[in-house]
Amino acid sequence: MKLNRILLSAALIVVALVVQVSVLARLQLPGAVPDLVLLTVVGLALVYGPVSGSLVGFTAGLLSDLAPPADHAAGRYALVLCVIGYLVGLAKPDNGRLTSATGPMAVVVAAAIGSTLLYAGVGALVGDTAARHVGLGSLLFTAAVYDLLLAPFTVPLIMALARRAENDPLADTGGGNGVDVASGWLSSGTGLRIGTQRGGLRVKAARNRASRAGRIKGVKRL
């Protein structure tokens, strides 16, 4: 990974983990807990791709395993987020753009459900049956709902920061055939249409000025 990727990913993961432990884990919501660390991995993997996404996921999961009040074996969540980071990175579009916000939202739901299933599956292999007592169905539903509600406020920002750190031209331009994944999360291409209209108005105004100048020159010659 590049140095700027490492520094940005480390900073975002640490901030997400602090908020996760100090705020979200204490909300006492029914079922699962909103997973800001998972959403951070999703946002970075959608920009960096599968290889870097898996590395970011492994690091984020390992820090989550070691952060108090962790009550499971170290490496368990690291394995889960490593797999999730790789799979989410496969969803990165080739041109860096998606046509709507439906794709990223579907990725968030799949990541929330997939991480819960993987965590419960790994727990079953090591003899942890806590998911059975809480209810796996309830955990899956609440994890998907909580992460989906939190995603519009976090994933677009994380993706925008990642692209700016990469000096990605997609972070500053609105052209192309699709819509930027980050900016199109809530608006589905509104900024693209506005930019196109502004460009058209500017061209039209320039043509009008040129035509008026031509008419004035013609009058002077007569």
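Q: How much accessible surface does the protein have, and what share of that surface belongs to carbon and sulfur atoms?
A: Keep in mind that this is a predicted model. The accessible surface adds up to about 12,400 Å². Carbon and sulfur atoms hold a share of 66%.

Q: What percentage of the residues of the protein count as buried?
A: The cut-off for buried is a relative accessible area under 20%. Apply that to the 222 residues of the protein, and the buried share is 39%.

Q: In what order do helices and strands follow one another along the sequence?
A: The parts list has 9 helices and 2 strands. Walk along the sequence and the pattern reads α-α-α-α-β-α-α-α-β-α-α.

Q: What share of the contacts with a separation of 6 or more comes from residues 24 or more positions apart?
A: Start from the contacts in the protein whose separation is 6 or more. Pick out those between residues 24 or more positions apart, and you have 71%.

Q: At what angle do α2 and α4 pack, and which hand does the crossing have?
A: The helices are α2, residues 36-48, and α4, residues 76-90, with axes 8 Å apart. Their packing angle is about 35 degrees. As for the hand, α2 passes α4 in a crossing that is right-handed.

Q: How do the residues in the contact of α2 with α4 divide into nonpolar, polar and charged?
A: From α2 come V37, L38, V41, V42, A45 and L46, while α4 brings Y77, L81, I84, G85, V88 and G89. Glycine counts as polar here, and Tyr as nonpolar. The split is therefore 10 nonpolar, 2 polar and no charged.

Q: Is V15 buried or exposed?
A: V15 sits in helix α1, residues 3-22. Its relative accessible area is 51%. Exposed means over 50%, so V15 counts as exposed.

Q: How far apart in space are V15 and V37, C-alpha to C-alpha?
A: In sequence, V15 and V37 are 22 residues apart. V37 is one of the α2 residues that make the contact with α4. Through space, the C-alpha to C-alpha distance from V15 to V37 is 8.9 Å.

Q: Where in helix α7 does the kink lie?
A: Helix α7 covers residues 136-165 and has a kink of about 60 degrees. The proline P152 comes shortly after the kink, which lies at A151.

Q: Which residue in the loop between α1 and α2 has a positive phi?
A: Most residues other than glycine have a negative phi. In the loop between α1 and α2, a residue other than glycine has phi near 55 degrees. This residue counts as exposed, because its relative accessibility is 75%. The residue is Q28.

Definitions and conventions
Residues numbered from 1 in each chain as written. Predicted model: local features only at pLDDT ≥ 70, side-chain atom pairs only at ≥ 80, totals over all residues. Heavy atoms only, no water. Helix = DSSP H or I, 4+ residues; strand = E, 2+ residues; numbered from the N terminus. Buried < 20%, exposed > 50% of the residue type's maximum accessible area, 1.4 Å probe, protein only. Contact = heavy atoms within 4.5 Å. Areas by Shrake-Rupley, 256 points an atom, 1.4 Å probe, with all protein chains shown as cover. Axes fitted to C-alpha atoms, helices over the stretch in contact; angles between N-to-C directions. Left-handed = near helix turned anticlockwise from the far one by under 90°. Bend = angle between axes of the 7 residues up to and from the residue.
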